[in-house]
Amino acid sequence: MKALNAYWVTTDAMDAAVYLAMRIEGSLEDIQGAIDDGDFTSAFECSTIAANAIALISHILSSAPPSSDEVLILATLAYEDDDVLVAYGEADRATKQTRASAVARLAELHDAAAAARSLLPFDVPHMRTPEGFFPTVRVAKEFERLRARLGLSAFGWSFLEV
Amino acid sequence: MTTTLHSALGKVGATPVALRDLLGSLLDAGDAYLVGSLAAGYGTGMSDIDVHIFDASVESHGAPMMFFLGRTIVDVVYFDPTEPSALSASLSKDLMRLPHGPCSLGATRSRKTLARLGRWATAIPLQGSPQPVLDQSMWEATIATSTRGAVADVVLLAAVAELAEAAGRATAPGAWRQAGRSVLEVASRASGEVFVGRKWTWTKAAAVGLDDALVEGADDVRTAGHLARVLDRVGLSALDPAGLVTLRRNQVDEIAIANRRLALVDGRRLVDARLACSGRLKDVVSSIGPADALAAIAYGVVWAQVDDNALTDWIGG
């Protein structure tokens, strides 16, 4: 493997990993839940939330602050002229979505999430599963130990608060 | 339709007995409630089960614990039992009527507080504690407070959209659309659907029966003019977001490296010192331009906050 900058790994990359685990996994499940209920309007809204969160990953890896705040996420995507927000401005009405469009969008977002995951320098376990939760906690502790060794303070989790 | 504990948990294939068995001794003291999207009647088969327990004997109030019931996540958070009554008592009763319902003229509450209000307003007792979490005599103030929070969000999202447009960003129509969609939240909350969560916007709009012209108009917003037309439908006048928003500086240290002035944000992020601004958004834009004002928000140099007095004037206007 190529050398990694340990400071980047424990700051921007850790932000992105936590964001992926805590914000993106659940948002993809929300889309599936809405599709299963036949609610394609909500599936569109959930897809927009997921698309914005996935898009944010690449910006976080380039030092944008992670956030759960809709206004800050919008500001980041707007400032960066992100294609996801451009596409939202061009998309059909939420109420015009169909099962086919919702399923296709979910597939695209799973691919986009996998691509975002591949930008990280390590594997992030799927946290929202019984088998993935404790490995995720273990990885978080390993990150914390490396941060301490580098002289960094404890990781700030507050951006996950709504 | 009234949501019962049984019907709420049934959406994720769970039962009250199975949940009580999972939580076991955690339910021995205090009052436990199902909260969140399932309790509010909006959940899907993929939703988490959220539980709040009000117990004075526990020290770790606010710290979440995660369990699994089958493959469904169960999040449990403890709270001090005095918190709901204190929150209810702190709500302003000063309000005005918008077409869909009340809107507070008191201070805008934080999103965290509004999320908590929404959860507690729709909580369902897990066992033997049938009293509502929140003071029911404050129900109108609860709705009004939640509505005001939604109005503030419209202003903030519109401010971002306006900056994006003024900065010539191709993202501006998408940003205006997001601001437009958030107007539905104003109407839904004013109508009594105070549970907070963007993903439930359309479910709530349908639940309260918002008319098609409002719903479609909100989703069609791509410009400030479109937004003004939708705001008119919820009883709000044309919006000047830059006059209603103030930028507050986060922890920023100004430094110089090789004759370049920089601002160190959050102890780790370096940006041009020009972005270390503060004050009324209108004045900041005049000073550094819309693109840098947008960058200052995006990079966390500042946070955007609605000016409460100006917001009240606008709502009342």
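Buried area is the accessible area that two parts lose on being put together, summed over both. The model used in these exercises is predicted.

**Exercise 1. The interface between the chains**

Task: find how much area chain B and chain A bury between them, and how many residues are in contact.

Solution.
- Step 1. Start with the area. Chain B and chain A bury about 4200 Å² between them.
- Step 2. Split that area by atom type. Carbon and sulfur atoms carry 56% of it.
- Step 3. Turn to the residues. On the chain B side, 42 residues take part in contacts, and they meet 52 residues of chain A.
- Step 4. Add the charged pairs. Between chain B and chain A there are 12 salt bridges. Over all chains, the whole structure has 29.

**Exercise 2. Salt bridges of Arg181(B)**

Task: work out where Glu45(A) and Arg181(B) lie, and why the pair joins two chains.

Solution.
- Step 1. Check the distance. The closest N and O atoms of Glu45(A) and Arg181(B) are 3.0 Å apart, and the two residues form a salt bridge.
- Step 2. Place both ends. Glu45(A) sits in helix H3 (residues 40-60) of chain A, and Arg181(B) sits in helix H7 (residues 172-190) of chain B, so the pair joins two chains.
- Step 3. Judge exposure. Glu45(A) and Arg181(B) are both buried. Arg181(B) has 2% relative accessibility. Buried means under 20%, so Arg181(B) qualifies.
- Step 4. Look for another partner. The side chain of Glu70(A) also meets that of Arg181(B) in a salt bridge, at 2.4 Å from N to O.

**Exercise 3. A second crossing and a network**

Task: locate the two ends of the salt bridge between Asp48(B) and Arg128(A).

Solution.
- Step 1. Take the distance. The side chains of Asp48(B) and Arg128(A) meet at 2.6 Å, N to O.
- Step 2. Place the ends. Asp48(B) is in the loop between H3 and strand S2 (49-54) of chain B, while Arg128(A) is in the loop between helix H6 (99-118) and helix H7 (130-149) of chain A. The pair crosses between chains.
- Step 3. Judge exposure. Asp48(B) and Arg128(A) are buried.
- Step 4. Follow shared partners. Glu45(A), Glu70(A), Arg181(B) and Arg198(B) are joined into one network by salt bridges.

**Exercise 4. Two residues with positive phi**

Task: decide whether Asp81(A) and Asn259(B) are buried, partly exposed or exposed.

Solution.
- Step 1. Read the angles. Phi is positive at Asp81(A), about 55°, and at Asn259(B), about 65°. Asp81(A) is not a glycine; nor is Asn259(B).
- Step 2. Find the loops. Asp81(A) lies between helix H4 (70-79) and helix H5 (83-90) of chain A. Asn259(B) lies between strand S9 (252-257) and strand S10 (260-265) of chain B.
- Step 3. Apply the cut-offs. Exposed means over 50%. Asn259(B) has a relative accessible area of 84%, so it is exposed. Asp81(A) has 28%, so it is partly exposed.

**Exercise 5. A pocket**

Task: describe the lining of the second largest pocket.

Solution.
- Step 1. Give the volume. The second largest pocket has about 490 Å³.
- Step 2. Find the centre. Of its 24 lining residues, Thr3(B), Ala39(B), Ala40(B), Ala121(B) and Thr122(B) are closest to the centre.
- Step 3. Name the elements. Helix H3 (37-40), helix H5 (111-121) and strand S7 (124-125) of chain B each give two or more residues to this lining.
- Step 4. Sort by class. The lining has 16 nonpolar, seven polar and one charged residues.

Definitions and conventions:
Residues are numbered from 1 along each chain as its sequence is written. Chains are lettered from A and ligands numbered from 1 in the order in which they are written. This is a predicted model: local features need pLDDT of at least 70, side-chain atom pairs count only at pLDDT 80 or more; totals for chains, interfaces and linings use all residues. Side-chain values use heavy atoms; hydrogens and water are left out. Helices (H or I, at least four residues) and strands (E, at least two) are DSSP runs, numbered from the N terminus. Buried means under 20% relative accessible area, exposed over 50%, partly exposed in between (1.4 Å probe, protein chains only). On a 1 Å grid over the protein atoms alone, a cavity is a set of points where a 1.4 Å probe fits but cannot get out, and a pocket is an open set with protein on both sides within 12 Å along at least five of seven lines; lining residues have an atom within 4 Å of a point. Grid points are joined across faces, edges and corners, and a volume is the space filled by probe spheres set on the points. Ala, Val, Leu, Ile, Met, Phe, Trp, Tyr, Cys and Pro count as nonpolar, Asp, Glu, Lys and Arg as charged, and the others, Gly among them, as polar. Contact means heavy atoms within 4.5 Å. Buried area is the accessible area (1.4 Å probe) that two parts lose on being put together, summed over both. A salt bridge is a side-chain nitrogen of Lys or Arg within 4 Å of a carboxyl oxygen of Asp or Glu.
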